[in-house]
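Please look through the structure shown here with its aromatic rings in mind, and then turn to its helices.

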Amino acid sequence: MSETVSLPLFPLHSVLLPNASLTLRIFERRYLDMVRECSRNETGFGICLILKGDEVGTPATPAAHGVEARITDFDVGPDGVLVLTLRGHRRFHVEQVRVRDNGLIVADVQWAEPDHDDELRPEHALLSTVLEHIIEQAGNPYAPKVPMLLDQAAWVGWKLAELMPLEESQRLQLLQRDDPHQRLDDLLGWIP
C-alpha cells in the first residue's frame, strides 16, 4: 500500500485518462492560486469527475477516483483567461477531502499501482485493430506522439478509452479498474 499524499483537486464534468491530453481554461481565483502553487512546487493536481455540482462556484462533489494532471503548456486566451494544456499521469483513489477557505478541494489520495506491461491477449486482438483504424481515420491530431504499442494491453485500453465515444461514467469505471485486461473486457463489451 502506498503512502497517502495531499493533492489539490479540480473537479470537471469530464474524465482525464492516463497519457491523455486536456485543455483547461482557468479563471477562478482558487484555481489560479492552485496553478501558481503547483508550478512553484513542480507538482500536479488531480482531475476528478463531478458527481454532484458544477465546475464553477460552490465546491462540487468529486468522484473517488481520478488522474494526476501535469501542465505541459500554457497560454493566455484573447479574453485574458489562462489556458492550460494538461497531460494525465498517475491514477489515484481519494481517501478524504477537505475544502480550503478559498473553496479549493484538497484530497488525501493513494496512488494506484502502475500498469504492468502485459501483452494483449488473443481475446482482445480485435481492440488493437479497432484502435489502429480509429487513429488512421482520425488523422494527425489524434496520432500518438510516441510509438504505438498496439500489442500492450494497458496502452491499447487507455488510448481506446480516450478516442472512443464513451460516457464519462464509462471512463470513470475504467479508472477504477486496476487490471488492464478487465478494462479491455469492458471496452470490448461497449463496442456495438
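In this predicted model, the count of aromatic pairs comes to three. One of them is formed by Phe 92 and Trp 111, whose ring centres lie 6.1 Å apart and whose planes meet at 85°, so the pair is edge-to-face, given that planes over 60 degrees apart are classed in this way. Phe 92 belongs to strand S5 (residues 82–99) and Trp 111 to strand S6 (residues 105–111), so their pairing ties together parts that are 19 residues apart in sequence.

Both partners can also be described by their accessibility. Phe 92 counts as buried, because its relative accessibility is 2%, and Trp 111, with a relative accessible area of 17%, is buried as well, since the cut-off for a buried residue is under 20%. The ring of Trp 111 has a further neighbour in Arg 90, which lies over its face at 3.7 Å from the ring centre. Elsewhere among the aromatic residues, ring pairs join Phe 10, Tyr 31 and Phe 45 into a cluster.

From the rings we can move on to helix H3. This helix spans residues 153–163, and 10 of its 11 residues are buried, so it is largely enclosed by the rest of the structure. The buried residues of H3 include Trp 155 and Trp 158, together with Lys 159 and Leu 163. What do the buried residues of H3 pack against? They pack against strand S5 and against three helices, namely H2 (125–138), H4 (168–176) and H5 (180–190). Strand S5 is also where Phe 92 of the edge-to-face pair lies.

Key:
Residues are numbered from 1 along each chain as its sequence is written. This is a predicted model: local features need pLDDT of at least 70, side-chain atom pairs count only at pLDDT 80 or more; totals for chains, interfaces and linings use all residues. Side-chain values use heavy atoms; hydrogens and water are left out. Rings of Phe, Tyr and Trp (its six-membered ring) pair if their centres lie within 6.5 Å; planes under 30 degrees apart count as stacked, over 60 as edge-to-face and the rest as tilted. Helices (H or I, at least four residues) and strands (E, at least two) are DSSP runs, numbered from the N terminus. Buried means under 20% relative accessible area, exposed over 50%, partly exposed in between (1.4 Å probe, protein chains only). A charge sits over a ring if NZ of Lys or CZ of Arg is within 6 Å of the ring centre and within 35 degrees of the ring normal. Contact means heavy atoms within 4.5 Å.
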